[in-house]
Amino acid sequence: MNNKEIYSSLLERTNKGQKSFAVLIDPDKIESTSKLNKLIMMAVENKVDYFFIGGSLMMHQNLSWVVSAIKEESNIPAILFPGNNLQLDPHADGLLLLSLISGRNPELLIGQHVLVAPVLKKSKLEIISTGYMLIHSGKPTAAGYMSHSQPIPADKPDIAASTAMAGELLGQKIIYMDGGSGAEKPIPPRTIKMVKKSIDIPLIIGGGITSKDRAFQCLESGADVIVVGNGIEKNPGLMTEVANIVEQFNQSLNVHN
């Protein structure tokens with residue numbers, strides 16, 4: 001995609017009420033070329049809208065390999081979802097520039113961004129400023145541990161809504177609410193609904209979406225984009241199930257319009 005095309009396309013879809021589906025790939029969890037190619041082909045067949053690529057750690061230096069494979073085998077936008085400022089690849093289509101607005105760790109609010117800004121400014125990546133919010137998912141997650149931050153309590157939707165509004169007013173283009181990798185529970189519908197009503201920018205929901213019912217619940221509550229990663233690693237067929245749910249939502253929208 002051309003520079004700035006990813007966000008403008010997402011914003012257009014969101015304004016129309018259309019839902020989107022992103023598959024999260026943690027490069028550290030891809031052991032073979034055949035596994036990666038199979039995942040990419042499944043995504044193409046199921047008309048997945050985005051690939052998010054990243055993880056809390058990068059032990060095996062697979063990031064560039066994963067990005068290259070996605071670019072070679074599909075037209076699905078490859079968007080970096082970095083756990084830190086070292087997780088960069090200039091051949092990706094875009095990057096979610098995450099500011100952890102749910103926490104109080106200055107390094108993840110602005111510190112690492114300052115260090116990487118000169119590199120990003122010169123790159124051809126589409127940079128999408130993203131207000132990132134961790135929501136308590138029932139157990140500690142890698143995201144919470146690595147970020148040295150406390151997630152927002154799952155039963156405090158007012159705090160989540162106020163945090164999202166602050167992120168939007170500070171100029172963030174997207175709000176991304178996440179239960180974290182391996183989340184035990186999905187983000188409560190009440191929290192998704194309140195946040196969605198409080199902002200006018202796209203809302204991404206990830207973490208704990210391990211079934212089609214949970215995917216449906218997130219979409220019905222107001223998610224514009226749902227992200228599935230761990231669930232697909234454990235059950236590859238979940239990708240098709242979630243893709244069908246997203247398609248049903250969008251078809252229903254077309255009927256009503």
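Is K16 buried, exposed or partly exposed? K16 is partly exposed, with a relative accessible area of 46%. The model is predicted. The notes below cover its salt bridges, the packing of helices α6, α7 and α8, and a nonpolar surface patch.

**Salt bridges**
- The count of salt bridges comes to six.
- K16 pairs with E12, and their closest N and O atoms are 3.3 Å apart. E12 is likewise partly exposed, at 46% relative accessibility.
- K35 and E31 form a salt bridge through their side chains, with an N to O distance of 3.0 Å. K35 is partly exposed at 34%, whereas E31 is exposed at 62%.
- K196 and D224 also meet in a salt bridge, at 2.7 Å from N to O. K196 belongs to helix α7 and D224 to the loop between α8 and β8, so this pair ties together parts that are 28 residues apart in sequence.
- In this pair, K196 is partly exposed at 24%; D224, with 4% relative accessibility, is buried because the limit for that class is under 20%.

**Helix packing**
- Helix α7 (residues 189-198) packs with helix α8 (residues 212-221) at about 30 degrees, with the axes 8 Å apart. That makes the two roughly parallel, and their crossing is right-handed.
- Helix α6 (residues 157-169) packs with α7 at an angle of about 30 degrees and an axis distance of 8 Å. The angle is under 35 degrees, so α6 and α7 count as roughly parallel. The crossing of α6 and α7 is right-handed.

**Surface patch**
- L57, Y145 and M146 make up a nonpolar surface patch with about 340 Å² of accessible area together.
- M146 lies in helix α5 (residues 142-147) and is partly exposed, at 38% relative accessible area.

Terms used: Residues numbered from 1 in each chain as written. Predicted model: local features only at pLDDT ≥ 70, side-chain atom pairs only at ≥ 80, totals over all residues. Heavy atoms only, no water. Patch = residues over 30% accessible without salt bridge, like charges linked within 9 Å, V, L, I, M, F, W, Y side chains within 5 Å. Areas by Shrake-Rupley, 256 points an atom, 1.4 Å probe, with all protein chains shown as cover. Salt bridge = Lys/Arg side-chain N within 4 Å of Asp/Glu carboxyl O. Helix = DSSP H or I, 4+ residues; strand = E, 2+ residues; numbered from the N terminus. Buried < 20%, exposed > 50% of the residue type's maximum accessible area, 1.4 Å probe, protein only. Axes fitted to C-alpha atoms, helices over the stretch in contact; angles between N-to-C directions. Parallel < 35°, antiparallel > 145°, perpendicular 65-115°, else oblique. Left-handed = near helix turned anticlockwise from the far one by under 90°.
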